[in-house]
Every structure is written in C-alpha cells, then in structure tokens.
Amino acid sequence: MTVRSTDDLRAKIREVPDFPKPGILFYDITTLLRDAEAFHEVIDRMAADVKDDKIDLVVGMESRGFIFAAPLADRLGAGFVPVRKLGKLPGDVVSVEYDLEYGSATLEMHKDAIKPGARVLIVDDLLATGGTVAGTIELVKELKGEIVCLAFLIELAALKGRDKLAGYEIATLIKY
C-alpha cells in the first residue's frame, strides 16, 4: 500500500461551493472514502494518534462520524458506541440539546452504553464550531466515561471549534 501525504489525502476531498446553501464551502469526503487506499490510510493515521491511550470505547456521532469511528474501534480493539439523533435509539437513553449554526438539535446515547471509568475516544468527520462534539462530551460525562481524546478527519480552524473544547486532547488529520 502506498503511504499518502496529508496533501494527497486533502486532494481526495472534493470542495463543493454553495452547498447546502450559498456562501458555504462543503468538504465532500465521499471522494476520499471511495479510494480504498486513502480510506485505509486515514484510519491508520487516526489509530496511530491514539494507539498508546488504551481506549475502551470509540464514540461516533451520526452519521459521518460512524464512518470513521467503527473501523477505528476495530483497529484499536475497542467497542463502538453510536450517538444518534433524537428518537433513533430504542430503550432508555440520555439526551442533550445543543446549538447549531442555524438552530438546535438533540443527540442521544443508550444509558447503558458507557460504564463509569471507561476510556473513551470521541470521533467525527469534521470539527467546525464544536457544537456536536460538545453535546457528545456532555453525554459521555453524564455516563461517567473518561474522555481520552477527540479525533477528526478535518478541522475548519477559522470556525474556532477547538476553543469550545479547551482541556481535551484533539487530533485532526487535515486542517483548512
């Protein structure tokens, strides 16, 4: 397998102007995901960033976070916990409402998903304003999980999401 540079991986991400609305530049990761070697390289690099942290669970947010969190959990020998949108999980859940750039949303996780003291890696495809991951942090903390690191494929540095996540180790592969 060819090891790719960060620039090679960045080149695999399609930039779509004015999507989903005028003035937004959307970073389409589907063009990276369809390249098996690039996708494998991304998971390898994300795993390398946290391999010494003894992760028990990888938490991924709906829906693109699942794409990275599940194979990363497998690679790390950890369990996978999905965080879903309101009403998508059966059984008892914990919930958090959080702010988006254009309103608010609710995230849920099963109440029995994390045992107290479990070492947790939170994964998503993109760090923008930090609202979704901040909500996920609240859910993990409510269940008394220990957050070891936050990992993202892409960080949009100008949106300062990292500021909202002060005090947490953050690993990103590609910054814009």
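In this predicted model, Val123 touches Met46, Val58, Val59, Gly60, Met61, Gly65, Phe68, Ala69, Leu72 and Ala151, when residues up to four places away in sequence are not counted. Val123 and Leu121 are the residues with the most contacts inside the largest nonpolar core, which has 30 residues. Two or more residues of this core come from each of H3, H4, E7, E8 and E9. The greatest contribution is that of H3, which supplies six residues. Another core, of 25 residues, lies apart from the one just described; Val94, Leu107, Met109 and Ala118 are among its members.

The strands belong to a wider arrangement. Seven strands form an open sheet with mixed pairing, in the order E5-E6-E4-E3-E7-E8-E9. At its edges stand strand E5 (93-100) and strand E9 (170-175), each of which pairs on one side only. Direction ignored, neighbouring strands of the sheet are turned against each other by 20 degrees on average.

Within this order, strand E3 (residues 57-61) and strand E7 (residues 119-127) run parallel and are joined by four bridges. Val59, one of the residues touched by Val123, has Ile122 as its bridge partner in E7. Further along the sheet, E8 and E9 also pair in the parallel sense, over five bridges. There, Glu155 has Lys175 of E9 as its bridge partner. Although E9 is an edge strand, E9 is mostly covered, with five of its six residues buried.

Helix H5 (residues 131-142) lies across several of these strands, namely E3, strand E4 (79-85), E5, strand E6 (103-110), E7 and strand E8 (146-155). Relative to E5, helix H5 runs at about 155 degrees.

The loop between E4 and E5 contains Leu89. Is this residue, Leu89, buried or exposed? Its relative accessibility is 14%, and Leu89 therefore counts as buried, since the limit for that class is under 20%. Neighbours within four places in sequence left aside, Leu89 is in contact with Arg84, Glu108, Met109 and His110. Of these contacts, Met109 is a member of the core of 25 residues. His110 is 21 residues from Leu89 along the chain, and the C-alpha atoms of the two are separated by 7.2 Å.

Aromatic side chains provide a further view of the packing. A pair of aromatic rings is described by the distance of the centres and the angle of the planes. Four aromatic pairs are found in a search of the whole structure. One of them is formed by Phe39 and Phe68, whose ring centres are 6.1 Å apart. Why is the pair of Phe39 and Phe68 edge-to-face? The planes of the two rings stand at 70 degrees, so the pair falls into that class, for which the angle must be over 60. Phe39 lies in helix H3 (residues 36-50) and Phe68 in helix H4 (residues 64-76), so the pair ties together parts that are 29 residues apart in sequence.

The two rings of this pair also have their own accessibility values. Phe68, which is touched by Val123, counts as buried because its relative accessibility is 0%. Phe39 has 23% relative accessibility and so counts as partly exposed. A different kind of aromatic arrangement involves a charge: the charged end of Arg10 sits over the ring of Tyr176, at 5.2 Å from the ring centre.

Key:
Residues are numbered from 1 along each chain as its sequence is written. This is a predicted model: local features need pLDDT of at least 70, side-chain atom pairs count only at pLDDT 80 or more; totals for chains, interfaces and linings use all residues. Side-chain values use heavy atoms; hydrogens and water are left out. Rings of Phe, Tyr and Trp (its six-membered ring) pair if their centres lie within 6.5 Å; planes under 30 degrees apart count as stacked, over 60 as edge-to-face and the rest as tilted. Buried means under 20% relative accessible area, exposed over 50%, partly exposed in between (1.4 Å probe, protein chains only). A charge sits over a ring if NZ of Lys or CZ of Arg is within 6 Å of the ring centre and within 35 degrees of the ring normal. Two strands pair if DSSP finds at least two bridges between them. Axes are lines fitted to C-alpha atoms, for helices over the stretch in contact, and angles run from 0 to 180 degrees between N-to-C directions. Contact means heavy atoms within 4.5 Å. A nonpolar core is a set of buried Ala, Val, Leu, Ile, Met, Phe, Trp, Tyr and Cys residues joined through side-chain atoms within 4.5 Å.
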